[in-house]
Amino acid sequence: MQTRRAFIKTLLGLGAVMLPWSFLPNRLGESIKTKLGRPAVELLLPPAPEPELNQTIDLESLHRTAMDDIYVLTAPEMQGRRAGSIGETKASEYLASQLSMLGLRPMGDPNTGFLQAFTIPPVVETRINGRLTFKPGQNTRLRSPCVNLLGGLMGESTEEIILLTAHYDHLGVYEGRIYPGANDNASGVGCILDVLRRILREEKVPRRTIVVAFWSAEEMGFVGSQAFVHTSTFPLHQIHAVLNVDTVGNGMIGNFALWADGENIAVQAIQEAALECGASALLTPPAGHNSDSISFALAHIPAVTLMAKDWLYKNHTPEDTIALLKPEQISLASEMVYRAVHRLAF
Ligand SMILES: [Zn+2]
């Protein structure tokens with residue numbers, strides 16, 4: 001049994017989770033925050049990270065490969081990494097531990113280390129042309145908590161940032177079947193970690209700062225990357241270019257495609273890298289699809305999404321498993337992103 005006071009306290013606590021204060025008009029949000037005397041989503045806050053930044057890099061982590069990450073992210077206990085699910089939380093724990101072991105600087109919300117908390121609306125599943133997707137659900141005021149992860153490799157300049165991104169969520173479990181999302185988008189996450197580890201192994205300090213971001217809730221309409229653009233953990237004007245990697249592990253080797261809002265420096269860097277690697281990466285009309293680069297394009301920040309040209313094959317089906325992936329294609333995507341980062345950050 002609870003006392004009345006404890007009950008009211010619990011109610012206020014739930015309010016802090018369910019209401020996205022940051023989306024309220026500023027003045028109203030501030031006055032509610034002041035009255036409650038607590039910050040947004042306080043119940044989500046993990047213990048403050050240890051302030052030590054120049055920790056030694058964990059050697060095991062430094063020598064992991066994209067396929068190692070993909071095996072972890074598609075394991076049965078990850079349950080298809082649906083945004084807001086326990087399986088996705090396990091994936092975020094794995095990714096936060098990798099960012100920490102690689103010695104990156106936490107760049108999430110103040111006092112939450114690598115995590116940036118936000119909330120997602122309710123969704124319902126729908127099948128379109130055999131693909132499972134989400135559409136908006138009822139009761140849109142009842143939102144649930146979710147996290148992006150952000151970590152930085154400091155460059156000579158901390159004022160200019162190259163953002164390397166991939167979404168780590170997928171569709172979860174539907175009608176008793178797990179949607180592992182090996183290609184969409186464990187492959188992109190593995191690719192970004194591959195590039196980061198390679199730069200760290202070379203022990204070169206970049207000219208610009210490289211920030212790695214893993215978005216949640218892409219499958220719910222780019223909600224994680226939009227939340228970042230809406231309430232960024234560092235000023236958006238510092239972002240020089242965004243390289244987003246989504247579903248790069250299948251199809252004919254060297255056959256890639258790009259989504260972007262026309263030509264920009266991010267597109268150019270990837271295309272030059274593709275040319276050097278003997279690969280093809282042509283700008284393609286999104287034709288009703290898209291990825292997290294759109295959130296940055298809408299904010300007039302040069303951004304591009306790299307994907308396998310055949311990305312749609314078995315996409316959003318339970319057959320998007322490790323068996324669909326070609327490690328050689330993922331290595332090639334990593335090589336292209338690595339070379340593009342070299343052009344942009346070094
Ligand atoms: Zn998807």
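In this predicted model, helix 4, which spans residues 66–73, has Ala66, Met67, Asp69, Ile70 and Leu73 as buried residues. These residues lie on the same side of helix 4, because the arc they cover around the axis is only 155°. The pattern fits a general rule: an α-helix has 3.6 residues a turn, so residues three or four places apart point the same way. What do the buried residues of helix 4 pack against? Their partners are helix 5 (86–101), helix 6 (182–202) and helix 10 (327–345).

From here the reader can turn to the zinc ion, whose protein donors are Asp184 through OD, Glu219 through two entries of OE, and His316 through NE2, at 2.0 to 2.4 Å from the ion. The angles that the 4 donor atoms subtend around the zinc ion run from 57 to 149°, and the arrangement is therefore irregular, since a tetrahedral one would need all angles to lie between 85 and 135 degrees. Along the sequence, the donor residues follow the spacing D-x34-E-x96-H. Glu219 and His316 are 97 residues apart and link distant parts of the chain, with Glu219 in the loop between strand 9 (208–215) and helix 7 (223–230), and His316 in the loop between strand 13 (303–308) and helix 10. Both Glu219 and His316 are buried.

A last point concerns confidence in the prediction. The mean pLDDT of the protein is 87, with 84% of its residues reaching 70 or more, whereas over residues 1–43 pLDDT stays under 50, and the model has 34 contacts beyond four places in sequence for that stretch. Where pLDDT is low, the predicted coordinates should not be read in detail.

Key: Residues numbered from 1 in each chain as written. Predicted model: local features only at pLDDT ≥ 70, side-chain atom pairs only at ≥ 80, totals over all residues. Heavy atoms only, no water. Buried < 20%, exposed > 50% of the residue type's maximum accessible area, 1.4 Å probe, protein only. Helix = DSSP H or I, 4+ residues; strand = E, 2+ residues; numbered from the N terminus. Arc of directions from axis to C-beta. Contact = heavy atoms within 4.5 Å. Donors = N, O, S within 2.8 Å, 3.2 Å for Na, K, Ca; no water. Tetrahedral: all angles 85-135°; square planar, octahedral: opposite > 155°, others 65-115°. pLDDT = per-residue confidence, 0-100.
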